[in-house]
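Student: Please take me closely through one part of this model: the largest pocket, and from there the packing of helices. Keep it brisk.

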Amino acid sequence: MTSTASRSRSIVVLAATAALLAGCGSSDDESDNPLAEDKASGDTVVVGSNNFAESILLADIYGEALKAKGIKVTYKPNIGSRETTYGLLKNGSITVLPEYNGSLLAYLDPKAEQKSADAVNAAVKTKLDKKLTLLESSPAEDKDSVSINAETAEKYDLTGESTLADLKDIAPELVIGGSPEFQTRQQGLLGLKDVYGLEFKSFKALDAGGPLTQAALTKNTVQAADIFTTDPTITKEKFVVLKDPENLFGFANVTPLVYKSGLPQEGVDALNEVSAKLDTKTLLDLDSQVQLENKDPLDVAKDWLKSVGLDG
């Protein structure tokens, strides 16, 4: 992604949903105050989440995977931004937190280059507080993308296998939408031109992958837009996410961030098994169940873990 700014934008877009979900997800072991800095006693693992819907769902997946290994778990859901959760991890108030590797690196070192997922993870580990570590990343990513609506995809024979390079000849016929910053960022129009040679008919300033952008793309006010790759609107409106083989938009692999002394080896192994099974398509489906079908994220987490054999 996604930059730290992009992740913050996701938080704004999904905050209302997360507030509702906080009352139902992780309901069996929640702490009353997610900001409380009391450490868990004994061998209890504390799984936290940021204040947006996907993070709450991922925390439930991590927590239930740990429970399946006989590890005692409590939850601190819906805490807030990275600035808050990182501090709680450092002091041991949280043991496990769903993170996004590229976004975390951008937070720790805004000037760091992101050339590959492995390089990002290696760079993160050099910047982390010594009490923390990053576990294995999943293939699942929630990051910026250029997505097109179904009408445009049909008109130009574009599919989920199409790449940004496939827009080169048709971009001059398309209006693209996104946040005002998207127009002037390298991870935006500048990079699309430099890396893929794309020059669009015009740019329409909207919001950062939020309801304005989603509505404009649905109504064909814009034909392409900056949409996050696990946004359930993709499923609902049949948007087509164009592949980014040059990794213009960096890396945002879902990755557990861990307080090292608080997680036993069997817990590390359990979370690495989750990462091996979780990809972007799966995460988009799980997000859609929570955000479009209004399912309890804890139930969605349990059902998915059972479906991939990680429930015991």
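Tutor: The pocket comes first, and the helix pairs follow. This is a predicted model, where local features need pLDDT of at least 70 and side-chain atom pairs count only at 80 or more, while totals for chains, interfaces and linings use all residues. Residues are numbered from 1 along each chain as its sequence is written, and side-chain values use heavy atoms, leaving out hydrogens and water.

The largest pocket (an open set of points on a 1 Å grid over the protein atoms alone, where a 1.4 Å probe fits, with protein on both sides within 12 Å along at least five of seven lines) has a volume of about 590 Å³. That volume is the space filled by probe spheres set on the points, joined across faces, edges and corners. Its lining (residues with an atom within 4 Å of a point) has 21 residues. Gly160, Thr229, Val241, Lys243 and Thr280 lie nearest the centre. By class, the lining has eight charged (Asp, Glu, Lys, Arg), seven nonpolar (Ala, Val, Leu, Ile, Met, Phe, Trp, Tyr, Cys, Pro) and six polar residues (the others, Gly among them).

Helix H9 (233–237), strand S9 (240–241) and helix H11 (280–291) each supply at least two lining residues. Helices (H or I, at least four residues) and strands (E, at least two) are DSSP runs, numbered from the N terminus. H11 gives the most, with four residues.

H11 also packs on a neighbour. The axes of H11 and H12 (residues 297–307) come within 9 Å and cross at roughly 145°. Axes are lines fitted to C-alpha atoms over the stretch in contact, with angles from 0 to 180 degrees between N-to-C directions. The crossing is right-handed (near helix turned clockwise from the far one by less than a right angle; anticlockwise is left-handed). In contact (heavy atoms within 4.5 Å) are Thr282, Leu286, Gln289 and Val290 of H11 with Pro297, Val300 and Trp304 of H12. Five of these residues are nonpolar, two polar and none charged.

Now take H2 (residues 53–67) and H10 (residues 265–277). Their axes are 9 Å apart, at an angle of about 130°. H2 and H10 are therefore oblique to each other (not under 35 degrees, roughly parallel; over 145, roughly antiparallel; or 65 to 115, roughly perpendicular). This crossing is right-handed. Ile61, Tyr62, Ala65 and Leu66 of H2 meet Gly267, Ala270, Leu271 and Val274 of H10. That contact has seven nonpolar residues, one polar and no charged.
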